[in-house]
Amino acid sequence: LRPASSSNNTNLDVASILSSIRKVEADADWDGISAAVQIKMHYPKVDVRIGNSKEVTSDIHTLVLDQGTKGEGWVVDHHPINAKCKNLLSFCESGEKPTSTLVYNLLPEKNDTDLMLSATAEITDGLYSYGLESGSLKLLSKKDSYYFRDSNRSTQYMVDKEIYAMADIFALISLHIPQAALRVGIEAYESRPKNVEELTALLNKNEAGLVEDYFAFMRNFSEDHFKYYKIDNYDVRIGEARNIGKFSYFALSRMLTKYPGNYILFRGKRVSMRTNDQKLFDTTVKVLDKNVVSYGGRKGWHGIILKEEMSYRKFLGIMEKGIVSK
Ligand SMILES: [Mn+2]
């Protein structure tokens, strides 16, 4: 593993740019949200907007996190497609550093809570190998070893350490209740939970119930939901979100961790793909052809949005010329 490359424009006065920000636009996953929380806590006057459109409108007083823009806003991101945004404040072309870690590195006055948040984003974005090698996880493990105590919970990335289980909770709230994730992130910043119990104590009944269901799902995990297919000459495991249940996205990560390879999670109108082979992703987009509205992603992680909700049977049918069931 190489250290990830990223570019901070060293000619910029980062402190004065960050001070000039009035509005933060952040992606609705934990990477985007935890990045926004760091900014909010250091620059309390900013308005934070969380949304999952991949491109937002912006002006020079906007900070765009984990997303792109055609406007004047300052961008911190790691999705290659956004390399051409006009004002890059910090950018990781390889995708190996999450936005939250880029923000941590930018902050003129950072603390160990910023570090903890960015470390959890390295986990939730599936970039913990990088993180342990040279990112926030590495630094956190030296500073606050209690986050790395063994945990009795099964996690999406199959690492039974406290910080991984905490990261799972952040990811879960972000995916299911994005507006709550901002509140939970801010409260976690203020109270600095050291374990799952202290983090869960910040949640309301509904959120805590979701967390409980999630860890039960992971405890009773079934590996039967993804089946082998061939696309071109690639082996691909394909699963259907509806069949797996509400934690399908996390099931995908867990399968990928245990059995590395190429994966597709069919989600009705959206298709999530995990592969390090860009050609396979391009082939999949081609096979889906006119059904595709848009697609994108970054290192290993890809997504396709379809024109309309379709049945799993129809999806497999369209893929048929490229797919031969094993
Ligand atoms: Mn990200």
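**Notebook: helices, a metal site and two unusual residues**

I began with a helix pair: the axes of α2 and helix α3 (residues 99–106) come within 7 Å and cross at roughly 20 degrees. That makes α2 roughly parallel to α3, because angles under 35 degrees count as roughly parallel. I noted the crossing of the two helices, α2 and α3, as right-handed. The model I am reading is predicted.

Next I listed who makes this contact. From α2 I wrote down Asp31, Ser34, Ala35, Gln38 and Ile39. From α3 I wrote down Thr99, Ser100, Val103 and Tyr104. I then sorted the contact of α2 with α3 by class: four nonpolar, four polar and one charged residues.

**The manganese ion**

Which residues are the protein donors of the manganese ion? I found Asp31 (OD), Asp66 (OD), Asp66 (OD), His78 (NE2) and Asp125 (OD). Asp66 is written twice in that list. The donors lie 2.1 to 2.8 Å from the ion.

I checked how the donor residues are spaced in sequence, and the pattern reads D-x34-D-x11-H-x46-D. Asp31 and Asp66 link distant parts of the chain, 35 residues apart. I placed Asp31 in helix α2 (residues 30–42). I placed Asp66 in the loop between β5 (62–65) and β6 (68–69).

Is Asp31 buried or exposed? Its relative accessibility is 0%, so Asp31 counts as buried. Asp66 has 2% relative accessibility, so Asp66 counts as buried too. The cut-off I used for buried is under 20%. Asp31 therefore appears in my notes both as a donor of the manganese ion and as part of the contact between α2 and α3, and it is buried.

**Tyr130**

I looked up Tyr130 and found it in helix α5 (residues 128–134). At 5% relative accessibility, Tyr130 is buried. I also took its distance to Asn105: the two are 25 residues apart along the chain, and their C-alpha atoms are separated by 15 Å.

**Ala181**

Ala181 sits in helix α8. Ala181 counts as buried, because its relative accessibility is 1%. What does Ala181 touch, not counting residues up to four places away in sequence? I found Trp30, Ile33, Ile173 and Ser174. I then took the C-alpha to C-alpha distance from Ala181 to Val285, which is 32 Å, with their places 104 residues apart in sequence.

**Helix α12**

Which residues of helix α12 (residues 248–258) are buried? My list is Ser248, Phe250, Ala251, Leu252, Ser253, Arg254 and Met255. I then asked what covers them, and the answer includes three helices, α7 (162–176), α10 (205–219) and α11 (241–244). Strands β11 (262–266) and β12 (270–274) are also among the covering elements.

**Two positive phi values**

Most residues other than glycine have a negative phi. I noted two residues that have a positive one.

Arg192 has a positive phi of about 50 degrees, although it is not a glycine. I found Arg192 in the loop between α8 (178–191) and α9 (196–200). Its relative accessible area is 19%, so Arg192 is buried.

Asp289 has a positive phi near 50 degrees, and it is not a glycine either. I found Asp289 in the loop between α13 (278–288) and β13 (292–298). Where Arg192 is buried, Asp289 is partly exposed, with a relative accessible area of 46%.

Technical notes:
Residues numbered from 1 in each chain as written. Predicted model: local features only at pLDDT ≥ 70, side-chain atom pairs only at ≥ 80, totals over all residues. Heavy atoms only, no water. Donors = N, O, S within 2.8 Å, 3.2 Å for Na, K, Ca; no water. Helix = DSSP H or I, 4+ residues; strand = E, 2+ residues; numbered from the N terminus. Buried < 20%, exposed > 50% of the residue type's maximum accessible area, 1.4 Å probe, protein only. Axes fitted to C-alpha atoms, helices over the stretch in contact; angles between N-to-C directions. Parallel < 35°, antiparallel > 145°, perpendicular 65-115°, else oblique. Left-handed = near helix turned anticlockwise from the far one by under 90°. Contact = heavy atoms within 4.5 Å. Nonpolar A, V, L, I, M, F, W, Y, C, P; charged D, E, K, R; others polar.
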